[in-house]
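Work through the following exercises on helix packing and ligand contacts, and compare your reasoning with the solution after each task.

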Amino acid sequence: MAIRRLPETVVNRIAAGEVVERPASAVKELVENSLDAGAARVDVAIREGGRSLISITDDGCGMTPDELEIAIERHATSKLPEEDLFNIATLGFRGEALPSIASVSRMTLTSRPAGQDSAWSLSIEGGTVGKPAPASGGTGTRIEVRDLFYATPARLKFLRSERAETSAVIDVLNRLAMAHPSVSFSLHDGNRERLRLRGEQGDLLDARLARLGAIMGRDFMENALPVSAERDGAQLSGFAGLPTLNRGTAAMQFLFVNGRPVKDKQLIGAVRAAYADFLARDRHPLLALFLDLPPKSVDVNVHPAKAEVRFRDPGSIRGLVVGALKHALAEAGHRASTTVSMAALGAARTEPSAAQYSFAGRPHGGGVSYPPASAYSGRAPGRGLAEAGYAFQAPVAGVAAPDFAPAARADRPEEQAPPLTGNPLGAARAQLHETYVVAQTSDGIVIVDQHAAHERLVYERMKQALSASGVARQGLLIPEIVELGDEDAARLTARAAELAELGLVLEAFGPGAVAVRETPALLGEIDVQGLVRDLADELADLGDAFTLKEKLEEVCGTMACHGSVRSGRRLTADEMNALLRQMEATPHSGQCNHGRPTYVELKLADIERLFGRR
Ligand code: ADP
Ligand code: MG
């Protein structure tokens, strides 16, 4: 068997297999070239999802006829001036995109450098290069790619529907546009305009915020926290959504390294870790984060598509991302997202049978939804406000009327209630169904799920206590004996030291039972039997691979469930107000441990709209 060199076209097609996976990846390469050429404006047109045509027009620096011929040669690039692979400041550098795309399509490049009075064009078909010829065209470059993959039918077969390919193109453009807010972008799909982003003026941060708003929507802007942090020369900036604004996929997470959109596992992992406390595992926050670091601290040459990067100091980068996000989220305090109250209003307007926690039809493809709350179990979740109103007017015989807080009673004059201004969560006015605290604020009402809120408060206090001196315990007068069965008892006693740190002191008590001597003080009076049984179940589920501190969220959730403020317990006005004040003072109290809101706020203006007063 003779060894021979592969012909250039075959080499290019092999490279194309890596660089151009689908139309969207060709669009990405070509638009990156336009950005590297200093374009202020990039107009994209596609047909059939990019399969029959991709056309990219820019107003960048352009190319002379000679440069056109070199540009489509393999490994020809103007972007590695020092030939230093560890100091890359442009989006491109491999000199692969044009020859690769040209080898699997019919491509025409038309370009006119600034200051020249005519344009030149060059056509390549399936890798066969023509000669540059004079053409008409403004300053800049237009690249037309027809019949992508016609030369590689196997790849053609893997393309998805026109719709799917088009939305992949939109995604690519959105990501590049976020990183380059001063550049104008447009996309036309042959039938209609799919994207138009005007170049934003002003300094980078203002321009970026405006651009993110244009792409991610108003919901995001209203519920995003600014992120800004620096560590070891690496800078992180951008915006992170409140946990209560979450999605079932990570599609609304945009990550950039030195202006390059990336889908990097390490960064995605860091985002996950930062939100782990606030979101169920299958929910994802919305965010756009920009990491900027010296080119020498990151290797972007990991994969031809350049979507992955390698950091010189991954630990430091992870620390930066997790720390910055946690800090931003802590600053948010008790804020829950405005979409929660919007969702509540949506529910109040819909038929009682409509699902309460899913509102997919909202603008900007909102689709914010929450998994059903366990705290609601037993109560029909579909009830709107209107129905609740009927319950007020016509109480069923034998069922107690809603319990109004003493604040509204004669023996507790109104003046004693906390002032409305200065307390964002207002003054408690009533407790309904022994589950919801209703408070009045200066310009609206707040409804708190007392169980969810308390669970969060307990969790945050436990975390704080653990990092400080340890969780305070209170001794039981008589130790409580809990019968469990051998395995459960053994599992609990094996963890006795860890449980003691969390405030629960127990020991083995004969076969199959434990004796509980002390309980976490912050839980108040608890049902010890129930708590210990649930903890035993929890431990069986968790297995042995974890320390309880790693699983603090679950353990605290279980503990808080047995704490004093549960759904179904009547609260005094003082207790309710204390709960509101604690929520205001506690970071992250706007959502429970699973990203569900702990309270909903309705502004008077919204309520007036409900009644058609506006
Ligand atoms: P790379 O971007 O990695 O350098 P490409 O194959 O994508 O490789 O492009 C090769 C070269 O062609 C670039 O280095 C650049 O000099 C030139 N080029 C490509 N597209 C444009 C454009 N839109 N405007 C100006 N020059 C371009
Ligand atoms: Mg390129």
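**Exercise 1: helices α2 and α6**

Helix α2 (residues 23-36) and helix α6 (residues 162-179) have axes that come within 8 Å and cross at roughly 25°; how is α2 oriented relative to α6, and which residues make the contact?

Solution. The axes are lines fitted to C-alpha atoms over the stretch in contact, with angles from 0 to 180 degrees between N-to-C directions, and the helices are DSSP runs (H or I, at least four residues) numbered from the N terminus. The crossing angle therefore makes α2 roughly parallel to α6, a class that takes angles under 35 degrees. The contact (heavy atoms within 4.5 Å) is made by P23, A24, V27, K28, V31, E32 and L35 of α2 and by E165, A168, V169, V172, L173 and L176 of α6. These residues divide into 10 nonpolar, no polar and 3 charged.

The model is predicted, with pLDDT of at least 70 needed for local features and 80 or more for side-chain atom pairs, while totals for chains, interfaces and linings use all residues. Residues are numbered from 1 along each chain as its sequence is written, chains are lettered from A and ligands numbered from 1 in the order written, and side-chain values use heavy atoms, leaving out hydrogens and water.

**Exercise 2: two further helix pairs**

Determine how α13 and α18 are oriented to each other, and then treat α14 and α16 likewise.

Solution. The axes of α13 (residues 450-467) and α18 (residues 573-585) come within 10 Å and cross at roughly 50°, and α13 and α18 are therefore oblique to each other. Q450, A453, L457 and R461 in α13 meet L579, Q582 and M583 in α18, a set of residues that divides into 4 nonpolar, 2 polar and 1 charged.

Helix α14 (residues 486-494) packs against helix α16 (residues 528-542) at an angle of about 85°, with their axes 9 Å apart, so the two are roughly perpendicular to each other, the class for 65 to 115 degrees. Here D488, R491 and L492 in α14 meet V532, L535, A536, L539 and A540 in α16, and the residues of this contact divide into 6 nonpolar, no polar and 2 charged.

**Exercise 3: ligand 1**

Which residues come nearest to ligand 1, and which atoms of D58, A97 and L98 lie at the stated distances from it?

Solution. Of the 19 residues around ligand 1, N33, T77, S78, K79 and G95 come nearest. A polar side-chain atom of D58 lies 2.9 Å from a nitrogen atom of ligand 1. A backbone N or O atom of A97 lies 3.2 Å from an oxygen atom of the ligand, and a polar backbone atom of L98 is 2.9 Å from an oxygen atom of ligand 1.

Notes: Parallel < 35°, antiparallel > 145°, perpendicular 65-115°, else oblique. Nonpolar A, V, L, I, M, F, W, Y, C, P; charged D, E, K, R; others polar. Near = heavy atom within 4 Å. Polar contact = N/O pair within 3.5 Å; in protein donor to acceptor, adjacent residues only side chain to side chain.
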